[in-house]
Amino acid sequence: MINLYYHGGSANHGCEAIVRSTSKLLGTKLFLWSTAPDTDCAYGLDNMVSIWKDNSAPLAGLESLKFKIHHKLTGSDIFYTKFSHRNFFSAVQCGDVYLSIGGDNYCYAGKDILGHYNQIIHEKGGKTVFWGCSFEPSEMDAATAKDIAQYDLITARESISYETLKAVNPNTILVADPAFVLDSVELPLPEGWKEGNTIGINASPLIMQCAKDGNVAYEAYRCLIKHILNTTDAAVALIPHVVIANNDDRIPLRNLYEEFASSGRVLLIEDHNCCELKGYISRCRMFIGARTHATIAAYSTCVPTLVLGYSVKSKGIARDIFGTEEHYVLPVQELRNPDELADGFDWLVSNEESIRSHLKRVMPKYIQRAYIAAEAVSRLK
């Protein structure tokens, strides 16, 4: 049996895309352990995977006292992890395969919890896979290396992470993000969409947080839209890809829409599942995006793309596709001038046809790399 764990729910449509595409790649019924199963059902994942609630009720009474004593004596939180996710751990079976599908969770706070999962699953005889992942090289400390070394398989979605992880765990292979095989669903285009001449834009609150100056990042989007309206006859489609509370793309996008709505050339796409969002992105002339899986939707459908990136994953994916991240990724941490995003768009326009031709040439073979991961998992079973 194959289980997917450390899934935070489908309101992050990148997470939804990983589940859908992993199901497609592996071709078998999967068990999804989710901390937000209501969102997964809302976007229809219950039609393709069996959904189970990962997180359990908070500790109380004797269990809470046990945790406090254990934590006081050891300083370890693993006891808390076991009990707060006991729905999941009580179901772990010897010989089953468990895919950690967070992708880049080791790049953020809380990676010790991932280590707890890895350890407990192995104690119960399960096999673990770090699935479609990225890893910031500077985050590799001794404790993390010890944890990473325990995975039975690691499928790294770009070469920068691959080199880092391979040095720690020889069971590491280089693949493509599973979402490159995600199906696209084309809904009717909204009024105002110019077929063949609509520029897709995705922004996220996370970008504002990662930028040295969040105001400069937001201003860069304003300058970009103003530049497109002043120098082209294209329409602009603002496309969200994450709608989680406190991290909702629709908030900055709605603000941008309200500022430019009077132009009659700016559209705001509402929330949809990841396949339908890919359908809109695939019909853009070009795409400028912050969310990794929004840009993967563009790359995989051969749409020339500029990434406003904040981590190793955007650099690594662009480098593997184009041979360089220069001009294809604008690191948000280095953003100093709000005109830089518009300048990047101009370079994209100047090289539009050559980029599109390159994507059409390399993408079929690149997408096949996702199936290497599926073959490796089948050998674990």
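"Buried" here means under 20% relative accessible area; this is a predicted model.

**View 1. Strand β4 and its side chains.** Strand β4 covers residues 97-100. Val-97 and Leu-99 point one way from the strand, while Tyr-98 and Ser-100 point the other way. Whichever way they point, all of these residues are buried. That fits the usual pattern: in a regular strand, side chains alternate between the two faces of the sheet.

**View 2. β4 next to β1.** Strand β1, residues 2-7, runs parallel to β4, and four bridges hold the pairing. For a handy landmark, look for Ile-2, which stands opposite Val-97 in β4.

**View 3. β4 next to β5.** Strand β5 takes in residues 127-133 and also runs parallel to β4, again with four bridges joining the two. Here the pair to find is Leu-99 and Val-129, with Val-129 sitting in β5 opposite Leu-99.

**View 4. Zooming back out to the whole chain.** The protein chain has 16 helices and 15 strands. Its radius of gyration is 21 Å, close to the 21 Å from the globule rule for 381 residues, so the chain is as compact as a globular protein of that length. The C-alpha trace spans about 65 × 45 × 40 Å along its principal axes. As for burial, 58% of the 381 residues make the cut. Among contacts with a separation of 6 or more, 70% come from residues 24 or more positions apart.

**View 5. Surface and charge.** About 15,400 Å² of the protein chain is exposed, and carbon and sulfur atoms supply 52% of that. There are 37 positive and 44 negative charges, and their mean positions lie 5 Å apart.

Conventions:
Residues numbered from 1 in each chain as written. Predicted model: local features only at pLDDT ≥ 70, side-chain atom pairs only at ≥ 80, totals over all residues. Heavy atoms only, no water. Rg over C-alpha atoms; globule rule 2.2 N^0.38 Å. Buried < 20%, exposed > 50% of the residue type's maximum accessible area, 1.4 Å probe, protein only. Contact = heavy atoms within 4.5 Å. Areas by Shrake-Rupley, 256 points an atom, 1.4 Å probe, with all protein chains shown as cover. Lys, Arg positive; Asp, Glu negative; His and termini not counted. Charge placed at Lys NZ, Arg CZ, Asp CG, Glu CD. Pairing = 2+ DSSP bridges.
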